[in-house]
Amino acid sequence: MSDAEVSVHPFATDDGLGLNLTRFRRGDCDDVVLLLHGLTASIDMFIMPEHQNLVSALLDNGFADVWALDFRMSSRLPYDTETHRYTLDDIAAWDHPAALREMRRHIGDRRVHVVAHCLGSMSFSMSLFGGALDGVASFVSNSVSLTPRVPTWSRLKLAAGPGLSEYLIGLSFMDSRFGEAPPLTRGWMVSRLVSLFHRECDVRDCHMISFMWGSGHPALYEHDNLLPVTHQRIADLLGPTGVHYFRHIRKMVSAGQAVKYDPGDPRHAALPDAYLTRANEVTTPVLLLSGDRNHVFPGANAACHEALERARPGRQEFASLPGYGHIDPFIGENAHIDVFPKILDFLKRQAS
Ligand SMILES: [Zn+2]
């Protein structure tokens, strides 16, 4: 990110939360890029100093004005560890539309391209295809969009996890750093129990993250794709999260597609009950990505490609990422060789 001017842009959502946009600007550019992290992550996943990160790759390839949003799921913000009942509908209705409004105050009507990961991608897909925002020139989604698919073990965790955590263990959130909790506290015991089932490495934070998200050893990435320093500091990149989101994901997994958590909630009356319903009205080109070793949402973006092709033929592409899992397409040592060129190629075709 050398030579980039970095500025922070705080703004408020319509339901009263304070969020942050960070801008990396090397000059004026007709095509502006917005990056969205996944749940428990933050914009740090795009600006890691230990590898050639996505912000640098964009700036070096002619996208001279890059923005990254910390929305309410960000581990840089306090909301994940506060007691709350947020759903993905709240994010779709309030976070992404407010972020784009704030960006527009600075960039006017220049083209905006969005690159998003995990539940940042799912919630943004809900905003885009649910009609909560418009004027997006193109959209790149990694891992999951509007058709979540999860392994059987994850289904069980989605069903039992929130109740067990909130009512039996007495915790409204899970923290990847529970391994560092004082001995015999609830967090410490959860971490030690989880580590009994994870012998693949000696990083307790890595075990907790596998337990919190997905089915695998590890679940979110291939160990071989990460630099050792990234693996050691993985809890910097993937922090704590409230467990209530699992209930909405469970509902969507059961439905086979993104649906509203509570169709009777008057605050979200403007959003469709099922987010694919109006997909044919949205013309934004979409690139769907997924690692072929994705153990969090395996097959989800391939299924979304099929669903969108039925609704709006020819407006989306799918690319498999051989050897990659769920988040290593962004945080992996060689992501700049194996993954970023696919994103850049798509963006350049949409930009011209
Ligand atoms: Zn590990």
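Start with the lining of the largest cavity in this predicted model: by class, it has nine nonpolar, two polar and one charged residues. To see it, select V150, S154, K157, L158, F211, M212, W213, G214, F246, I249, V296 and F297. The space they line comes to about 110 Å³.

Now color by helix. α4 (152-169), α6 and α9 (245-255) are the elements that give two or more residues to this lining, and α4 gives the most, with three.

Next, keep W213 and V296 on screen, since you'll need them again. Both are listed for the largest cavity, and both also turn up around the second largest cavity. Add L39, T40, H117, C118, L220, L238, H326 and I327 to complete that second lining. Here the split is seven nonpolar, three polar and no charged residues, around about 60 Å³ of space. With a floor of 30 Å³, the cavity count comes to two.

Last stop: the zinc ion. Select C201 (SG), C206 (SG), H223 (NE2) and H231 (NE2), its protein donors, lying 2.1 to 2.2 Å from it. Click through the angles among the four donor atoms and you'll get 96 to 116°, a tetrahedral site. Along the sequence, the donor residues follow the spacing C-x4-C-x16-H-x7-H. C201 sits in the loop between α5 (186-196) and α6 (204-212), while H231 belongs to helix α7 (residues 228-232), so this pair ties together parts 30 residues apart in sequence.

Are C201 and H231 buried or exposed? C201 is buried, at a relative accessible area of 16%, and H231 counts as buried too, at 12%.

Methods. Residues are numbered from 1 along each chain as its sequence is written. This is a predicted model: local features need pLDDT of at least 70, side-chain atom pairs count only at pLDDT 80 or more; totals for chains, interfaces and linings use all residues. Side-chain values use heavy atoms; hydrogens and water are left out. Donors are N, O and S atoms within 2.8 Å of the metal (3.2 Å for Na, K and Ca); water is not among the atoms, so sites may look incomplete. Four donors count as tetrahedral if all angles lie between 85 and 135 degrees; four count as square planar and six as octahedral if opposite donors are over 155 degrees apart and all others between 65 and 115; anything else is irregular. Helices (H or I, at least four residues) and strands (E, at least two) are DSSP runs, numbered from the N terminus. Buried means under 20% relative accessible area, exposed over 50%, partly exposed in between (1.4 Å probe, protein chains only). On a 1 Å grid over the protein atoms alone, a cavity is a set of points where a 1.4 Å probe fits but cannot get out, and a pocket is an open set with protein on both sides within 12 Å along at least five of seven lines; lining residues have an atom within 4 Å of a point. Grid points are joined across faces, edges and corners, and a volume is the space filled by probe spheres set on the points. Ala, Val, Leu, Ile, Met, Phe, Trp, Tyr, Cys and Pro count as nonpolar, Asp, Glu, Lys and Arg as charged, and the others, Gly among them, as polar.
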